[in-house]
Amino acid sequence: MCSVVGYIGKDYGRNFIIEGLSRLEYRGYDSAGFACLHPENNRLLYCKAEGRLQNLAAKFVTNPIDGHIGIGHTRWSTHGKPTETNAHPQFDCQQIISVVHNGIIENHHQLRVQLLEDGHVFHSDTDTEIIAHLIESLLKKHNDLNRAIVQLVAMLEGAFSFICIMEAYPDQMILVRKRSPLCIGMGDDEMFVASDALAFAEKTQKVLFLQDESFAIVRRNGVEIYDFKEKPLPIMIHELAFDWKAGDKRGHKHFMLKEIYEQKRAIHATVEFLASLQDDLWGHIGLSEEVIYNLERLSLIGCGTSWHAARIAQFFFENICNIPTRIYLASEMRYMPFFRESQSLYIAISQSGETADTLEALRMVSSFNLPTLALTNVASSTMVREADGFLLTQAGHEIAVASTKAFSTQLAALYWLAHRIAYEKKLIDGQAMELAEDDLLIAAEVLENSIENYKFIIQQKLAPFYAQFKQSIFLGRHISYPFALEAALKLKEVSYIFAQCYPAGELKHGPLALIDEHIPVFIFSCQDQVIYRKLVANAQEAKARGGHIVAFCFEGQQELIDLADVPFIFPRCRALLEPLVMSGLMQYFVYEIANVLGCEIDKPRNLAKSVTVE
Ligand code: F6R
């Protein structure tokens with residue numbers, strides 16, 4: 001879980017690099033390092049430390065190196081112990097080439113043996129050092145930087161990205177990406193480079209995401225990009241829709257509330273980002289078009305909220321692109337018989353891209369040589385590196401443990417992807433694709449407006465009332481059932497109120513026995529007339545037993561509205577977008593209940609943001 005950050009430009013780069021690394025440090029690391037070229041004589045200078053970034057910063061007091069071109073790294077050790085020597089940057093024999101690297105060079109042992117035979121001297125146990133020594137020998141051989149890089153990448157196996165600065169090329173920085181993300185923030189006479197745009201989001205909104213299997217020569221005033229055969233690639237700049245201010249609640253009491261309110265912008269950003277990839281989509285996400293054209297089956301894998309997003313998305317893929325879709329709960333999948341299905345794509349859904357069960361399930365699928373895609377919110381995550389392709393939601397940094405904007409952007413991205421696959425398979429035309437994008441933007445609007453509509457009554461009356469109950473039942477049908485699962489999870493984790501969710505049709509098969517006036521029943525409606533009628537019948541069953549009904553329903557659903565003690569009424573929308581439209585208000589309601597109870601909302605007891613153990 002390493003991070004890389006770099007700078008080239010008019011200013012001195014160290015402060016930005018350390019600040020950028022600290023923005024990514026929530027991912028965990030065990031050592032850190034920085035290198036730059038001396039601003040006057042271009043000599044390579046460096047400083048490294050074991051442990052936290054503060055340890056590195058403390059060393060700058062006695063070793064105040066800085067320059068107009070620099071690179072930094074936080075390392076999570078894979079090859080070699082977390083020592084200062086093994087920390088990045090790593091160097092060539094003469095210490096004039098410096099490299100920071102994410103990922104793994106799988107054939108490093110074989111390359112090291114060869115380089116040792118050629119007389120190179122190694123100082124660390126890392127696979128990264130190989131890169132610096134190879135650049136050294138390839139530059140001697142060719143004296144042409146681009147050719148040296150092309151030859152270098154042909155020799156390296158694995159998933160990796162790295163940044164390199166050299167005394168011999170003091171006005172340029174070399175970036176290489178293969179299955180591990182790298183992006184460039186375009187400034188004014190300065191460029192910011194990082195494994196995750198979060199690192200420079202406060203400096204610039206203009207981002208260039210390096211395409212898979214490409215390299216870039218970055219100067220302070222321009223960028224050249226090539227594929228691994230040295231063919232120049234177009235420069236495609238994306239606009240970051242908002243800046244991420246990690247650690248800043250922007251006046252909200254909790255991060256969860258701030259993140260609930262960021263959803264409209266986050267959905268917009270996700271749709272705009274995905275739409276901007278249109279021509280280049282499969283190349284950008286790292287999958288071959290063939291995989292998509294021949295797709296006959298889909299499997300979605302996730303845990304917790306991401307698993308709920310997967311279950312909702314099953315309706316997208318089966319209805320929009322007619323592809324049978326299987327949903328796997330990652331923690332169960334690995335212990336079940338696995339049947340290898342050809343013409344299938346496996347999508348791991350994970351906000352963090354680090355969840356251990358999902359990651360292991362992804363690895364298991366990869367071991368069968370089946371195509372994989374990671375849908376995640378964290379560009380520099382392990383899943384992004386290990387899956388064949390990746391698609392990024394643009395939710396921005398999610399800090400509250402309970403997932404809100406990551407969930408809604410997952411839904412938006414999956415809805416978009418279902419349409420894009422349908423378009424590729426010629427099931428829908430370009431106009432329908434554009435309509436789908438518009439529908440997502442409208443859904444985002446409704447999501448936010450519905451919070452505003454009910455905010456006052458929730459704060460004043462409803463949250464204090466529902467905070468008194470110790471338990472609750474959640475019901476949904478069809479697409480609203482997985483959404484009800486998500487609602488129940490959200491209430492449990494932030495308020496510690498016990499919530500049990502059922503498909504509404506199961507009520508009379510047992511759970512009806514639980515219902516009396518001491519238990520609120522949350523019902524999530526659908527617009528489909530047949531399903532709606534069934535839900536009304538379920539609501540009547542609950543009401544007849546004294547149940548207290550909170551209904552999330554749609555305009556015109558009068559019978560349900562009349563039955564409910566509390567009806568939340570939404571404008572009509574695309575049926576498949578019902579969960580997205582309802583998600584903001586559902587999250588807001590449970591947030592306010594937890595707030596009344598004085599819970600530790602952003603960090604609920606016993607829970608962690610990134611579950612990196614099984
Ligand atoms: C609940 C929540 C968790 C996560 C789950 C998977 O609000 O956030 O259920 O969804 O731990 O995490 P990711 O999506 O990072 O794989």
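**Reading the labels on this model**

Reader: Why does His478 count as partly exposed?

Author: Good place to begin! In this predicted model, His478 has a relative accessible area of 41%. Partly exposed covers values between 20% and 50%, so 41% earns His478 that label. You can find His478 in the loop between β20 (471-476) and α16.

Reader: What makes the phi of His478 worth a look?

Author: Its sign, in a residue of this kind. Phi of His478 is near 55°, which is positive, and His478 is a residue other than glycine. Glu230 is a further case: its phi is near 75°, again a positive value in a residue other than glycine.

Reader: Where is Glu230, then, and is it buried or exposed, or in between?

Author: Glu230 lies in the loop between β13 (222-227) and β14 (238-239). Its relative accessibility is 31%. Buried would need a value under 20% and exposed a value over 50%, so Glu230 counts as partly exposed.

Reader: Which residues does Glu230 contact, leaving aside its neighbours within four places in sequence?

Author: Asn146, Arg147, Val150 and Phe215. Contact here requires heavy atoms within 4.5 Å. The C-alpha atoms of Glu230 and Ile149 are 8.9 Å apart, although 81 residues separate the two along the chain.

Reader: Now the helices. Why are α16 and α19 called roughly parallel?

Author: Start with the angle. The axes of α16 (residues 480-495) and α19 (residues 578-596) cross at roughly 20° and come within 9 Å. Roughly parallel means an angle under 35 degrees, and therefore α16 and α19 fit the description. The crossing of α16 past α19 is right-handed.

Reader: Which residues meet there?

Author: From α16 come Phe483, Glu486, Ala487, Lys490, Leu491, Val494 and Ser495. From α19 come Pro579, Met582, Ser583, Met586, Gln587, Val590, Ile593 and Ala594. By class, this contact has 10 nonpolar, three polar and two charged residues.

Reader: And why are α7 and α15 called roughly antiparallel?

Author: The axes of α7 (residues 263-276) and α15 (residues 430-466) come within 8 Å and cross at roughly 170°. Roughly antiparallel asks for an angle over 145 degrees, and therefore α7 and α15 get that name. On the α7 side, the contact is made by Gln263, Lys264, Ile267, His268, Val271 and Ala275. The α15 side offers Glu437, Leu440, Leu441, Ala444, Glu445, Leu447 and Glu448. Sorted by class, the contact of α7 with α15 holds seven nonpolar, two polar and four charged residues.

Reader: How many disulfides are there?

Author: Zero. The rule asks for two cysteine sulfur atoms within 2.5 Å. For Cys36, the nearest cysteine sulfur belongs to Cys47 and is 9.7 Å away, and Cys36 is in no disulfide. For Cys303, the closest one is in Cys501, at 18 Å, which is too far for a bond.

Reader: Why does Cys36 count as buried?

Author: Its relative accessibility is 0%. Buried means under 20%, so Cys36 meets that condition.

Reader: One more: is the peptide bond from His88 to Pro89 cis or trans?

Author: The bond is cis, with omega near 5°. To look at it yourself, find Pro89 in the loop between β4 (69-75) and β5 (90-91).

How values were computed. Residues numbered from 1 in each chain as written. Predicted model: local features only at pLDDT ≥ 70, side-chain atom pairs only at ≥ 80, totals over all residues. Heavy atoms only, no water. Axes fitted to C-alpha atoms, helices over the stretch in contact; angles between N-to-C directions. Helix = DSSP H or I, 4+ residues; strand = E, 2+ residues; numbered from the N terminus. Parallel < 35°, antiparallel > 145°, perpendicular 65-115°, else oblique. Left-handed = near helix turned anticlockwise from the far one by under 90°. Nonpolar A, V, L, I, M, F, W, Y, C, P; charged D, E, K, R; others polar. Buried < 20%, exposed > 50% of the residue type's maximum accessible area, 1.4 Å probe, protein only.
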